[in-house]
Amino acid sequence: MLAGLLALTVAAVFAGAAIYVSVAEQPARLRLDDKALLQEWQPSYKRGAAMQASIAVIACFLGLVAWWLTGNLAYLVGAVLIILPWPWTLLVMMPANRLLEAMDANTINPEARTLIVRWGNLHLVRIGLGVLATLAFLLGSA
């Protein structure tokens, strides 16, 4: 089933990108001084959000197509899991995101570090959802 394999692949890309952010990018940015930390986070978040949101929508769509064509509930579960980072971000992470986006990156703001650390901890949920979706799609494709 091509749609299922594509859903699996795209979900794995999502999970891999989320893991990269938490394992490589976040620890590296936290080594920066407070001013540079915010200067790095702001454009990185905008680019990353657009990329991961698009990937999640594509994987969800492919999972729904695979479920529709096969009736395999694992594809439906994967589709739901891969789209859950959207409401998680909008409902739980967005308050911190908005505060960080509104900060002046050319001034030192000690609150930025606290919020970025919190953001990184909340981002771990995206990893979990991406990995679980990937596993669901893998189960559906087996």
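The following exercises, each with a worked solution, concern a predicted model of a protein chain.

**Exercise 1. Overall architecture**

Determine how many helices and strands the protein chain has, and describe its extent, burial and contacts.

Solution.
1. Begin with the secondary structure: the protein chain holds five helices and zero strands. In sequence order the pattern reads α-α-α-α-α.
2. Turn to the extent. The C-alpha trace spans about 55 × 25 × 20 Å along its principal axes.
3. Consider burial next. Of the 142 residues in the protein chain, 42% are buried.
4. Examine the surface: its accessible area is about 7400 Å², and carbon and sulfur atoms contribute 73% of this.
5. Finally, take the contacts with a separation of 6 or more: 80% of them join residues 24 or more positions apart.

**Exercise 2. Helix H5**

Compare the span of H5 with the span expected for its number of residues, and identify the side-chain contact at its start.

Solution.
1. Helix H5 covers residues 110–141 and has 32 residues.
2. At 1.5 Å a residue, the expected span is 46 Å. The distance from the first C-alpha of H5 to the last is 48 Å, which is close to that value.
3. At the start of the helix, Asn-109 places a side-chain oxygen within 3.0 Å of the backbone nitrogen of Glu-111.

**Exercise 3. The nonpolar surface patch**

Identify the residues that form the nonpolar patch on the surface, and state which element gives the largest share.

Solution.
1. The patch is formed by Ile-19, Val-23, Val-131, Leu-132, Leu-135 and Leu-138, whose accessible area together is about 510 Å².
2. Assign the residues to elements: helix H1 (2–29) and helix H5 (110–141) each give two or more residues to the patch. The largest share, four residues, comes from H5.
3. Take Leu-135 as an example from helix H5. Its relative accessible area is 48%. Because exposed requires over 50%, Leu-135 is classed as partly exposed.

**Exercise 4. Two buried residues of helix H1**

Establish whether Ala-11 and Gln-26 are buried or exposed, and list what each touches beyond four places in sequence.

Solution.
1. Locate both residues: Ala-11 is in helix H1, and Gln-26 also lies in H1.
2. Apply the cut-off for burial, which is under 20% relative accessible area. Ala-11, at 0%, therefore counts as buried. Gln-26, at 6%, is buried as well.
3. List the neighbors of Ala-11: Ala-59, Ile-82, Gly-130, Ala-133, Thr-134 and Phe-137.
4. Relate sequence to space. Ala-11 and Ala-136 are 125 residues apart in sequence, yet their C-alpha atoms lie 9.7 Å apart.
5. List the neighbors of Gln-26: Val-21, Ile-116, Val-117, Trp-119 and Gly-120.
6. Add the polar contact of Gln-26, whose side chain meets that of Arg-29 at 2.5 Å.

**Exercise 5. Salt bridges**

Find how many salt bridges the model contains, and determine which residues are joined into one network.

Solution.
1. The count comes to three salt bridges.
2. Start with Arg-29 and Glu-25, whose side chains meet at 2.7 Å, N to O. Both residues are buried. They are four residues apart in helix H1, so about one helical turn separates them.
3. The geometry has a general basis: an α-helix has 3.6 residues a turn, so residues three or four places apart point the same way.
4. Arg-29 also forms a salt bridge with Glu-40, with the closest N and O atoms 2.6 Å apart. This pair links distant parts of the chain, with Arg-29 in helix H1 and Glu-40 in helix H2 (residues 34–70), 11 residues apart.
5. Examine the exposure of this pair: Arg-29 is buried, at a relative accessible area of 3%, whereas Glu-40 is partly exposed, at 25%.
6. The side chains of Asp-34 and Arg-113 meet in a salt bridge at 2.7 Å, N to O. Here too distant parts of the chain are linked: Asp-34 belongs to helix H2 and Arg-113 to helix H5, 79 residues apart.
7. Asp-34 is partly exposed at 23% relative accessibility, and Arg-113 is partly exposed at 24%.
8. Shared partners settle the second part of the task: salt bridges join Glu-25, Arg-29 and Glu-40 into one network.

Note on methods: Residues are numbered from 1 along each chain as its sequence is written. This is a predicted model: local features need pLDDT of at least 70, side-chain atom pairs count only at pLDDT 80 or more; totals for chains, interfaces and linings use all residues. Side-chain values use heavy atoms; hydrogens and water are left out. Patches are made of residues with over 30% relative accessible area and no salt bridge: like charges are joined within 9 Å, nonpolar side chains (Val, Leu, Ile, Met, Phe, Trp, Tyr) within 5 Å. Accessible areas come from the Shrake-Rupley method with a 1.4 Å probe; for residues, only the protein chains shown count as cover. A salt bridge is a side-chain nitrogen of Lys or Arg within 4 Å of a carboxyl oxygen of Asp or Glu. Buried means under 20% relative accessible area, exposed over 50%, partly exposed in between (1.4 Å probe, protein chains only). The expected span of a helix is 1.5 Å times one less than its number of residues. A polar contact is a pair of N or O atoms within 3.5 Å; within protein, one must be able to donate a hydrogen and the other to accept it, and residues adjacent in sequence count only if both atoms are side-chain atoms. Contact means heavy atoms within 4.5 Å.
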